[in-house]
Amino acid sequence: MYLPRFQYLAPAGEAELASMLAEHGDKARILAGGTDLLVQMKAPGLWPDYLIDIRNVAELSSIEFDDQDGLTVGASAKLENILNTPAVAERYHGLYQAIETIGARQILTMGSMGGNICNASPAADSPPALMSFNAQVTIGSTQGDKEMALEDFIQGNRKTALEVGEYLKSIFLPAPAAKSGSAYHYFRVRGGMEIAMVAAAVYVEADLADKSLKDIKIVLGVVGPTPIRALEAEDMLTGQTPDEDLLAKALGSCAAVSKPIDDFRASAEYRREILKVLVQRAFGEAYTIATS
Ligand SMILES: Cc1cc2nc3c(=O)[nH]c(=O)nc-3n(C[C@H](O)[C@H](O)[C@H](O)COP(=O)(O)OP(=O)(O)OC[C@H]3O[C@@H](n4cnc5c(N)ncnc54)[C@H](O)[C@@H]3O)c2cc1C
């Protein structure tokens with residue numbers, strides 16, 4: 001099917017973007033890379049009158065890392081550029097792994113982190129990894145900026161906290177602790193160009209004296225309408241030196257808190273079993289990095 005008719009707008013800066021969104025309200029949609037939006041617009045349902053292309057809004061495409069503060073990624077920063085940022089590979093390994101798995105070269109070149117988040121697909125790869133780093137987002141509008149945790153921003157299947165006239169400006173990840181590690185593991189049947197069936201992101205901070213866990217975040221992906229923090233499992237492990245029994249209990253808790261669907265790709269029961277394997281692998285990798 002062809003794209004429906006729409007008016008194309010290309011603001012030159014953030015102030016113009018905010019006023020265009022305020023003027024056109026829910027008749028407008030932001031166009032970043034278009035790898036989700038333009039596909040969706042070919043089916044009936046999502047037919048905005050205005051597409052506001054943010055490619056010329058330079059303020060939204062920057063990627064900055066400060067060793068003390070952390071990483072700030074502009075909402076329209078291309079996935080490929082994030083992968084090519086040395087600090088991402090060196091300090092945010094789990095995020096690097098999550099982005100690397102998205103689509104193929106063309107999708108990484110066109111697609112943005114903001115688009116991956118705002119599309120709010122339960123199968124999106126970057127949100128679980130971002131949440132494992134405690135990501136915060138900044139939202140802009142003509143009313144000024146506001147901040148919130150990414151966990152609160154993604155509210156459901158294709159639903160975010162964005163209100164009419166608002167846009168995602170940037171994503172901030174605090175600097176990981178020196179003795180920390182992270183990993184993102186996913187499962188899909190085919191090798192590439194297929195969305196994940198189950199995924200898990202883990203961040204750990206270790207105490208090298210006794211190899212105990214000072215901090216741990218476990219985020220379960222594609223097993224609910226939004227990524228799920230495995231809070232009970234995190235509590236079980238925090239302050240402990242992990243052993244087989246404790247880990248088995250934590251994995252059981254992850255499976256219990258997940259809400260996978262039953263569909264033609266896999267049963268809910270199968271997804272829960274795979275989830276435990278993925279959390280175990282992601283934890284193992286993150287813990288090895290943190291303690292080495
Ligand atoms: C072949 C193919 C394979 C794919 N594989 C994967 C995969 O493996 N894993 C995965 O996670 N995704 C995958 N995707 C989905 C997609 O590529 C990603 O979600 C991508 O990151 C979207 O970014 P974009 O810039 O193209 O977003 P767009 O399509 O431009 O926008 C997506 C949505 O977000 C909104 N939006 C974008 N930016 C903002 C902003 N700053 N403020 C407010 N709203 C905004 C848009 O209005 C739209 O509703 C795939 C897509 C295709 C076509």
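Select lysine 211 to start: at 39% relative accessibility, this residue counts as partly exposed. The model is predicted, and every stop below refers to that model. Lysine 211 sits in the loop between strand 12 (198–207) and strand 13 (212–221). Check its backbone: phi is positive, about 60 degrees, although the residue is not a glycine.

Go next to arginine 158, where phi is also positive, at about 65 degrees, and again the residue is not a glycine. Its place is the loop between strand 8 (154–156) and strand 9. Arginine 158 has a relative accessible area of 48% and is therefore partly exposed, since the class runs from 20% to 50%.

**Domains**

Colour the protein chain by domain. The assignment gives domain 1 (7–52), domain 2 (59–174) and domain 3 (180–291). Place centres on domain 1 and domain 3, using C-alpha atoms, and the separation is 36 Å.

**The ligand**

Select the ligand and the residues around it. The shell has 29 residues, and the closest are Ile30, Thr35, Asp36, Ser112 and Asp125. By class, the shell divides into 15 nonpolar, 10 polar and 4 charged residues.

Which domains each supply at least three residues of this shell? Domain 1 (7–52) and domain 2 (59–174) do. In terms of secondary structure, show strand 2 (28–31), helix 7 (113–118) and strand 10 (167–174), each of which contributes at least two shell residues.

Now show the polar atoms. Three pairs can be picked out in turn:

- Aspartate 36: an N or O atom of the side chain is 2.5 Å from an oxygen atom of the ligand.
- Arginine 29: an N or O atom of the side chain is 3.0 Å from an oxygen atom of the ligand.
- Leucine 168: here the backbone takes part, with an N or O atom 2.9 Å from a nitrogen atom of the ligand.

With a surface switched on, the protein covers 88% of the 980 Å² of accessible area that the ligand has on its own.

**Isoleucine 52**

From the ligand, move to isoleucine 52 in strand 3 (residues 50–53). Is this residue buried or exposed? Its relative accessibility is 0%, so isoleucine 52 counts as buried. Leaving out residues up to four places away in sequence, isoleucine 52 touches Leu9, Pro11, Leu17, Met20, Leu21, Ala28, Arg29, Ile30 and Leu31. Two names in that list have already come up at the ligand: Arg29 has a side-chain atom 3.0 Å from a ligand oxygen, and Ile30 is among the closest shell residues. Then draw a C-alpha to C-alpha distance from isoleucine 52 to tyrosine 8: it is 6.3 Å, for two residues 44 apart in sequence.

**Glutamate 166 and threonine 138**

Select glutamate 166, in the loop between strand 9 (159–160) and strand 10. Glutamate 166 counts as buried because its relative accessibility is 13%, and buried means under 20%. What does its side chain reach at 2.8 Å in the backbone? It reaches the backbone nitrogen of glutamate 163. A polar contact of 2.8 Å also joins the side chains of glutamate 166 and lysine 146. Beyond four places in sequence, glutamate 166 touches Leu21, Ile139, Gly140, Ser141, Lys146 and Ala161.

Lysine 146 leads on to threonine 138, whose contacts beyond four places in sequence are Asp145, Lys146, Glu147, Tyr167, Leu168, Lys169 and Ser170. One of these, Leu168, is the residue with a backbone atom 2.9 Å from a ligand nitrogen. Threonine 138 lies in strand 6 (residues 136–140) and is buried, with a relative accessible area of 13%. For a longer view, draw a line to glycine 45: the C-alpha atoms are 28 Å apart, and the residues are 93 apart in sequence.

**Threonine 101**

Threonine 101 is in the loop between helix 5 (93–100) and helix 6 (105–110). Its relative accessible area is 8%, so threonine 101 is buried. Outside its sequence neighbours within four places, threonine 101 touches Asp125, Tyr184, Tyr186 and Arg188. Asp125 is also one of the closest residues to the ligand.

**Last stop: glycine 252**

Finish at glycine 252 in helix 11 (residues 244–257). With a relative accessible area of 33%, glycine 252 is partly exposed. Glutamate 273 is 21 residues away in sequence, and 9.4 Å separate the two C-alpha atoms.

How values were computed. Residues are numbered from 1 along each chain as its sequence is written. This is a predicted model: local features need pLDDT of at least 70, side-chain atom pairs count only at pLDDT 80 or more; totals for chains, interfaces and linings use all residues. Side-chain values use heavy atoms; hydrogens and water are left out. A residue is near a molecule or strand if one of its heavy atoms lies within 4 Å of it. A polar contact is a pair of N or O atoms within 3.5 Å; within protein, one must be able to donate a hydrogen and the other to accept it, and residues adjacent in sequence count only if both atoms are side-chain atoms. Accessible areas come from the Shrake-Rupley method with a 1.4 Å probe; for residues, only the protein chains shown count as cover. Helices (H or I, at least four residues) and strands (E, at least two) are DSSP runs, numbered from the N terminus. Ala, Val, Leu, Ile, Met, Phe, Trp, Tyr, Cys and Pro count as nonpolar, Asp, Glu, Lys and Arg as charged, and the others, Gly among them, as polar. Domain bounds come from an automatic or database domain assignment. Buried means under 20% relative accessible area, exposed over 50%, partly exposed in between (1.4 Å probe, protein chains only). Contact means heavy atoms within 4.5 Å.
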